[in-house]
Amino acid sequence: MSRESAAAHFEGIWRGASTVLMGRINYEGWYSVWPGITTDPSTGPRNRDLGEFLNTVEKVVVSRTLDHTEWENSRIARDLEGEVKALREDPGRNILVANSASIIQALLKADLIDDLRFVVVPTLLGGGLRLFEEGLPASTWSLTQSTVLADGAIGLHYSRA
């Protein structure tokens, strides 16, 4: 699969989200980059679309230390479980957790995740944070889709069975 097809795969994921949930570190990193990418005239259409999405989507930053946010449509949440339960009560909500293993771990423990999407990148195996800790409650997941991405990476989509 080409890089273009891989980009389209990821675009299909973020376009369906009405709320992006992220930790402080991701928020600060993304905020330092994406508003500038979006306004840069040399930015290609796909990245400009992603930047516009990130600027306009509701962003909930889970943090115990952040005291304010500057990015439009962003706010801080101190109670992860309470926040996600409240968001899930609104019909039509699709909540995307953006690159935060600790948030995903906590939501798995609280049984508040319906879909899991992973990208397995062979050149990166062996390092990084473990998403699944020992002792997580048993759950039933079903592989919904697998997608071959660029450079040998594989996208995996699991749903609750």
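These legends go with close-up views of a predicted model of a protein chain.

**View 1. The whole chain, before zooming in.**
The protein chain has 161 residues, and 34% of them count as buried. You'll find five helices and seven strands in the chain. Reading from the N terminus, they come in the order α-β-α-α-β-β-α-β-α-β-β-β. Take the contacts with a separation of 6 or more: 62% of them link residues 24 or more positions apart. The accessible surface adds up to about 9700 Å², with 52% of that belonging to carbon and sulfur atoms.

**View 2. Helix α1 and what sits over it.**
Helix α1 takes up residues 3-14. A quick sanity check on its geometry: at 1.5 Å a residue, twelve residues should span 16 Å, and the end C-alpha atoms are 17 Å apart, so the two agree. Its buried residues are Ala-6, His-9, Glu-11, Ile-13 and Trp-14. The cover over those buried residues includes helix α3 (45-56) along with strands β4 (95-97), β5 (115-120), β6 (141-148) and β7 (154-160).

**View 3. The four-stranded sheet.**
Here four strands make an open sheet, ordered β3-β2-β1-β4, with parallel pairing. The edges belong to β3 and β4; each has a single partner strand, so one side of each has no neighbour in the sheet. On average, neighbouring strands are turned by 25° against each other, ignoring direction. As for what holds such an arrangement together, strands of a sheet pair through backbone hydrogen bonds.

**View 4. Strand β2 and its two partners.**
Strand β2 covers residues 58-62, and because four of its five residues are buried, the rest of the structure largely encloses this strand. On one side, β2 runs parallel to β1 (residues 19-23), and five bridges join the pair. Four bridges link β2 to β3 (residues 74-77), again in parallel. Val-60 is a handy residue to centre on: Leu-21 has Val-60 as its bridge partner in β2, while the partner of Val-60 in β3 is Arg-75.

**View 5. The β1-β4 pairing, with helix α2 on the sheet.**
Strands β1 and β4 run parallel and share three bridges. Look for Val-20, which stands opposite Leu-96 in β4. Helix α2 (residues 24-39) packs on the sheet, where it touches β1, β2 and β3. The direction of α2 makes about 110° with that of β1.

Key. Residues numbered from 1 in each chain as written. Predicted model: local features only at pLDDT ≥ 70, side-chain atom pairs only at ≥ 80, totals over all residues. Heavy atoms only, no water. Helix = DSSP H or I, 4+ residues; strand = E, 2+ residues; numbered from the N terminus. Buried < 20%, exposed > 50% of the residue type's maximum accessible area, 1.4 Å probe, protein only. Contact = heavy atoms within 4.5 Å. Areas by Shrake-Rupley, 256 points an atom, 1.4 Å probe, with all protein chains shown as cover. Expected span 1.5 Å × (residues − 1). Pairing = 2+ DSSP bridges. Axes fitted to C-alpha atoms, helices over the stretch in contact; angles between N-to-C directions.
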